[in-house]
Amino acid sequence: MKSELDAGKATALLDASIAGTLPDDRGRFGPFGGRYVPETLVPAFVRLEQGIAEHLHSDAFQEEFRSELRTWVGRPTALTFAPRLSERWGAEVWLKREDLAHTGAHKINNAIGQAILAKKLGAKRIIAETGAGQHGVASAAACARVGLPCRVYMGAVDIERQAPNVDRMLRLGAEVFPVESGDKTLRAAIDEALREWVTDPAGTYYLIGSAVGAHPYPYLVRELQSVIGQEARQQMLDLAGGLPDVAFACVGGGSNAIGLFYPLLGDRDIELIGVEAGGTGDGLGQNAATLATGTPGVLQGSYSIILQDKNGNVQETHSISAGLDYSGVGPEHAMLQAVGRVTYVSASDDEALDALEELCETEGILTALETAHAYASARRWAKENPGKRILIGNSGRGDKDMPTLTQYPARTNANASA
Amino acid sequence: MHPHEKIGAAIAAANDAGRTGLVPFITAGYPDPDTFIDTLRIVAAAGDVVELGVPFSDPMADGMTIQRSSFTAIENGVTLAWIFDQLAAAEDIGAPLVMMSYLNPLMAFGYDALAVRARETGICAFIVPDLPYEESADIRAALDNEGVGLIQLVTPATPDERLKLLAGASRGFLYAVTITGITGGDAGLPNDLAGYLDKVSSLSPLPVCAGFGIRKAEDVINVGKHAAGAIVGSALVEVLERGDDPEAFLRGLR
Ligand SMILES: Cc1ncc(COP(=O)(O)O)c(C=O)c1O
């Protein structure tokens, strides 16, 4: 759903967004965002907000964060030209390779940043939620790195479909807590992490994994993930000789997408397209295309667009990719849709599988099922807009998806016969 | 008398009679939508004010017991509109009602319509566990128009300055959460409860009702020494879940 903002307001909001003044001091991106949390957590959120104000942009924090990104995460990640994919699509395709970051996805940028912050704020332990397991693995690794105990909440359904990541988390020293309530996926895991935080708001740091939740999380995660877009923008200028015509990123909660898009918002000629999970169809419960089909409401701490019924109950979702299987989306994306700066579309399970296979065959990159949605949509766009320069946020690698992928037989020797 | 004032009056009447105000909580339409009003009457006869829970898909401040009752009620078709319709069709329930709901179902209903429907059906105030004071201006104004209250919660983690703010803003009673945690815990009441409740009571112009972790007569007695009322939620929902007699359970608490 596109929420209605009048044209003057939309222009002013977009200008504010590009000028870097959002969220406002109430944690709002225009109408979206805010802080809807139980009273027990209010002091913890106030402390977090003060801690961010004190540390996030301090020289000491930035130095430590940048150093960890460089020497431990392996940044900057490569920008890769994709010649064979380009030829097939009739386009010029560039890939921002977050799959090459330590632990295999963009999630690590946020996890190590927040873990450093948690340490500075004196936290005794860290809790996190995970869908695909990528944020769980990143949190486990970051906690080991800074020396804090870590517990990861993960839905029972996701534990099954992302088994390799469960094992990785355990080996990295984290405790994995199976969530059996609710829909047993990401949304239930967030609910459960919040419940745990309520029991120890002073000693526990909640390391949220996407640009969702109550203020200041959407802001914090955006700031930590913006390194993706900052690097990509410079790399495009250096390697491609110019900025892209369009940039694509998949959207679950929206952290890799906001990280890629935020530094590009001011380049108004670049079309920005977020891709949600279209699942198996348009019906309620068949997809996780929140921005395309949802309505405004409050879920898990912020006012954004959510998938809900007319009574305000949040709807279950379906996606082949655990990391996109979520009924909400970050409030900044709701705003960027409302002001018309970013377009949000969806790709189906089948299209994502197809795109994943094509990228394997043409470029030798096994991308994550989440990321594959961005490719599927970019391919469609390229057919309609021939000859354009396309940037794709390759948010993560697909090794974790092998249990799912083995259910779909590979097209053997596709390369030889192509 | 405004609807929200009936709540304080009911608690005060219990206190005047030498009792701690008893505020039982049930999830509306649980365990069986067909017996909702009957169950409510039984509970209202034993309690001074009844707290009625609107089931929600993401009850993030609730433990397993209330989660289960909430999910069952949703499966059985219980919605906010249905609850209002049932209440509208029933004769006087016998006690002032307080509605507990997460914010999203209230937002989906629309605040102005909500306030009117609440007044019409005997809902005197709302408790919204995921709505901090700072985000409450819209719904507070709408409820205020109809004389319906918005009950604020305070917790052991609430700093004193904030406690004063919330005590001043609350309408109906002030909800003192006894523990740092979610509903339905079985860790028992904290040792320093008396000091905390005394402080809250001294700062509140309204009667203070304590809730979370109150399960048995002894708890009600302990809480009653330092607060005007005791809210009993998960323990009562467990009684309903087991199919036991809620009346006998609540009589045992008085
Ligand atoms: C590789 C990858 N991409 C994307 C996502 C979706 O999250 P977000 O929308 O926050 O980037 C995930 C989530 O687990 C992921 O693992």
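**Exercise 1. A charge and a ring.** Find the ring over which the charged end of Arg222(A) sits, and give the distance from its centre.

*Solution.* Start with the rule: a charge sits over a ring if NZ of Lys or CZ of Arg is within 6 Å of the ring centre and within 35 degrees of the ring normal. The ring here belongs to Tyr262(A), and the charged end of Arg222(A) is 3.9 Å from its centre. Before going on, note that this is a predicted model, in which local features need pLDDT of at least 70 and side-chain atom pairs count only at pLDDT 80 or more, while totals for chains, interfaces and linings use all residues. Residues are numbered from 1 along each chain as its sequence is written, chains are lettered from A and ligands numbered from 1 in the order in which they are written, and side-chain values use heavy atoms, with hydrogens and water left out.

**Exercise 2. Aromatic pairs.** Count the aromatic pairs over all chains, then name the residues of a cluster in chain A that ring pairs link.

*Solution.* Rings of Phe, Tyr and Trp (its six-membered ring) pair if their centres lie within 6.5 Å; planes under 30 degrees apart count as stacked, over 60 as edge-to-face and the rest as tilted. With this rule, a search of the whole structure gives 15 aromatic pairs. Next, follow the ring pairs through Phe45(A), Trp197(A), Tyr206(A) and Tyr217(A), which they join into a cluster.

**Exercise 3. Salt bridges and the interface.** Describe the contact between chain B and chain A, and work out which parts of chain A the pair Arg75(A) and Glu231(A) links.

*Solution.* Take contact as heavy atoms within 4.5 Å. Each side then contributes: 34 residues come from chain B and 34 residues from chain A. Buried area is the accessible area (1.4 Å probe) that two parts lose on being put together, summed over both. Between chain B and chain A about 2600 Å² is buried, and carbon and sulfur atoms give 55% of that.

Now the charges. A salt bridge is a side-chain nitrogen of Lys or Arg within 4 Å of a carboxyl oxygen of Asp or Glu. Four salt bridges are counted between chain B and chain A. Arg162(B) and Glu39(A) meet through their side chains in a salt bridge, at 2.5 Å from N to O. Over all chains the count comes to 44 salt bridges. Arg75(A) also forms a salt bridge with Glu231(A), with the closest N and O atoms 2.9 Å apart. This pair links distant parts of the chain, 156 residues apart: Arg75(A) is in the loop between α3 (59-73) and β3 (79-81) of chain A, and Glu231(A) is in helix α11 (residues 227-240) of chain A.

**Exercise 4. Two open sheets.** Write down the strand order of the nine-stranded sheet in chain B and of the six-stranded sheet in chain A.

*Solution.* Helices (H or I, at least four residues) and strands (E, at least two) are DSSP runs, numbered from the N terminus. Two strands pair if DSSP finds at least two bridges between them. In chain B the open sheet runs β5-β4-β3-β2-β1-β9-β8-β7-β6, with parallel pairing. Its edge strands are β5 (149-151) and β6 (153-154) of chain B, each pairing on one side only. Inspect one pair: β3 (residues 97-100) and β4 (residues 123-127) of chain B are parallel over four bridges, and Met99(B) stands opposite Phe126(B) in β4(B).

In chain A the order is β3-β4-β14-β9-β10-β13, again for an open sheet, with mixed pairing. The edge strands are β3 and β13 (342-348) of chain A, each of which pairs on one side only. From one strand to the next the twist averages 25°, where axes are lines fitted to C-alpha atoms, for helices over the stretch in contact, and angles run from 0 to 180 degrees between N-to-C directions. Strands β9 (residues 246-250) and β14 (residues 389-394) of chain A pair in the parallel sense over three bridges; Leu391(A) in β14(A) is the bridge partner of Ala247(A).

**Exercise 5. Cis peptide bonds.** Locate the cis peptide bonds that lead into Pro216(A) and Pro31(B).

*Solution.* His215(A) and Pro216(A) are joined by a cis peptide bond with omega about 15°. Pro216(A) belongs to the loop between β8 (204-206) and α10 (217-225) of chain A. Tyr30(B) and Pro31(B) share a cis peptide bond with omega about 0°, and Pro31(B) is in the loop between β1 and α2 (36-46) of chain B.
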